[in-house]
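This report introduces one protein structure to a reader who has not met it before. The sequence and the structure are shown first, and the description follows.

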Amino acid sequence: MFFERQVKDFINIDPLQTGGKLSEDAKKVLLEWGDGYSICDYCTGKLEEITKPPVNRFVEELKEFFECDEVRFTTGAREGKFAVMHALSRANPDKKYVVVDSNAHYSTLLAAERAGLNVIEVENSGYPEYRINEEKYREILESRNDVLLAVLTYPDGNYGNLPDAKKVSEACRGEDVPLLLNCAYSAGRMPISMVELGADFIVASGHKSMASAGPVGVLGFSKDYTKIVARWSKYRKGKEVEFLGCTARGVPLLTLMASFDHVKERIKRWDQEVEKARWFAEEMEKLGIKQLGEKPHNHDLMFFESEILYEISRKVKRGRYFLYKELKKKRIHGIKPGLTKHFKLSTYLVPKDDLRIVLNAFEEIIEAYKV
Ligand SMILES: *Cc1c(COP(=O)(O)O)cnc(C)c1O
């Protein structure tokens, strides 16, 4: 059975996909290392210590890259969050709450739930910017002593808002509550330093933002938590319980490694990516499509609101699927089928000329259907 990918040569503005496109090196590695367990050829018992291919060297580079003491691979950002929550919870059985921002990804809530923890949400400012009020973290943490962990989504996956992580980390430090930064949408796109942001844990997603096939993630943490998060099994020495002994054992990790040079280069151009995103948002607004979330925006992931397209969808034969179908005809992929009034997209690494094509497409569609 062979499946062809329908959107292969399309302009891709799918926020899930723009940061996970493979580098040329990663494409080669995909074939070479595709066989199951190929990474285990020379393994002596621990994934992070494999020398052929040089996973151990890669671990050291990642520690520098994220400025953290420890690195473990996971199968994604969510597994990193769960490992941390579960380990901390076991070490502090009296603390049953995780404080998270209300723009958090669903997987943060599920990780807490699976670890047997309850969630307290820090509210956002609501329409139209949905900003997280960093001060609220302080208020909540000051008012209770049963908080195990604070989590900040940096940025969130809906509006692409980048809250002030330093403000939150200062509040956490003051109350002795560790902070996990969910960098699924930032690590690999923009520079991220755990030290500078003041976090105790960061999670990254290889398939979301580090040009990898995945599923693969990176968990970075401070050595203060090594004994808790990376504790050894009592049955098998050297095997770490929270990671079930081994995690991303195969080609997903190889693509992450192969793309790392590319990732290190591309984060240097983050300012240009932000500038391009802002330009795109302005052009969309000229068409009457409003950008919600922080303004001016600080990330390539953007959320839009369009009354015009919604009004059209109520009148046309295909209903709310018309936009998806029209964009598909124009070979543009990334707006979810059925959405017209609210949708998100990403301009990350999409050439400006392609974005002009996207803008023209929106303009033409509005013109063609307008009554
Ligand atoms: C995509 C996303 C995730 C999930 O990442 P995985 O690596 O697939 O687990 C988590 N958090 C945010 C904010 C995301 O956007």
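## Sheets, ligand and selected residues

Strand β5 and strand β6 (residues 179-182) are joined by 4 bridges and run in the parallel sense. Within this pair, A150 stands opposite L179 of β6. The model described here is a predicted one.

Strand β5 covers residues 147-153, and 7 of its 7 residues are buried, so that the strand is mostly covered. β5 also pairs with strand β3 (residues 97-101), again in the parallel sense and over 4 bridges. In that pairing, Y97 is the residue opposite V147 in β5.

These strands belong to an open sheet of 7 strands, ordered β2-β8-β7-β6-β5-β3-β4, in which the pairing is mixed. The edges are formed by β2 and β4 (118-122); each has a single partner strand, so one side of each is left without a neighbour in the sheet. On average, neighbouring strands of this sheet are turned by 20 degrees against each other, direction ignored.

The edge strand β2 consists of residues 70-74 and is mostly covered, with 5 of its 5 residues buried. Burial applies to both faces of β2: E70, R72 and T74 lie on one side, V71 and F73 lie on the other, and all are buried. The pairing of β2 with strand β8 (residues 217-221) is antiparallel and has 5 bridges. Here E70 stands opposite F221 in β8.

A further open sheet has 3 strands in the order β9-β10-β12, with antiparallel pairing. Its edge strands are β9 (290-292) and β12 (342-346), each of which pairs on one side only. From one strand to the next, the twist averages 40 degrees. Strand β10 (residues 301-305) is joined to β12 by 5 bridges, and the two run antiparallel. E305 faces H342 of β12 as its opposite residue.

The next topic is the ligand. Which residues are closest to the ligand? Of the 13 residues that surround the ligand, the closest are A77, R78, N182, S205 and K208. The table lists polar side-chain contacts with oxygen atoms of the ligand.

| Residue | Atom in the residue | Distance to an oxygen atom of the ligand |
|---|---|---|
| S205 | polar side-chain atom | 2.8 Å |
| H207 | N or O atom in the side chain | 3.0 Å |
| K208 | polar side-chain atom | 2.6 Å |

G206 is placed in helix α8, which spans residues 206-209. Is G206 buried or exposed? G206 has a relative accessible area of 0% and therefore counts as buried, since the limit for burial is under 20%. Leaving aside residues up to four places away in sequence, G206 touches A211, S212, V216, G217 and L256. The C-alpha atoms of G206 and E24 are separated by 16 Å, and these two residues are 182 residues apart along the chain.

Another buried residue is S313, which has a relative accessible area of 8%. S313 lies in helix α13 (residues 307-315). Its contacts, not counting residues up to four places away in sequence, are with G319, R320, F322 and T340.

The cysteines complete the description. How many disulfides are found in a search of the whole structure? The search finds 0 disulfides. C68 is in no disulfide, and the nearest cysteine sulfur, that of C183, is 11 Å away. C68 is also buried, at a relative accessible area of 7%.

Why is there no bond between C246 and C40? The sulfur of C40 is the closest cysteine sulfur to that of C246, but the distance is 6.3 Å, which is too far for a bond; a disulfide requires the two sulfur atoms to be within 2.5 Å. In contrast to the buried C68, C246 counts as partly exposed, with 26% relative accessibility.

Key:
Residues numbered from 1 in each chain as written. Predicted model: local features only at pLDDT ≥ 70, side-chain atom pairs only at ≥ 80, totals over all residues. Heavy atoms only, no water. Buried < 20%, exposed > 50% of the residue type's maximum accessible area, 1.4 Å probe, protein only. Contact = heavy atoms within 4.5 Å. Pairing = 2+ DSSP bridges. Axes fitted to C-alpha atoms, helices over the stretch in contact; angles between N-to-C directions. Near = heavy atom within 4 Å. Polar contact = N/O pair within 3.5 Å; in protein donor to acceptor, adjacent residues only side chain to side chain.
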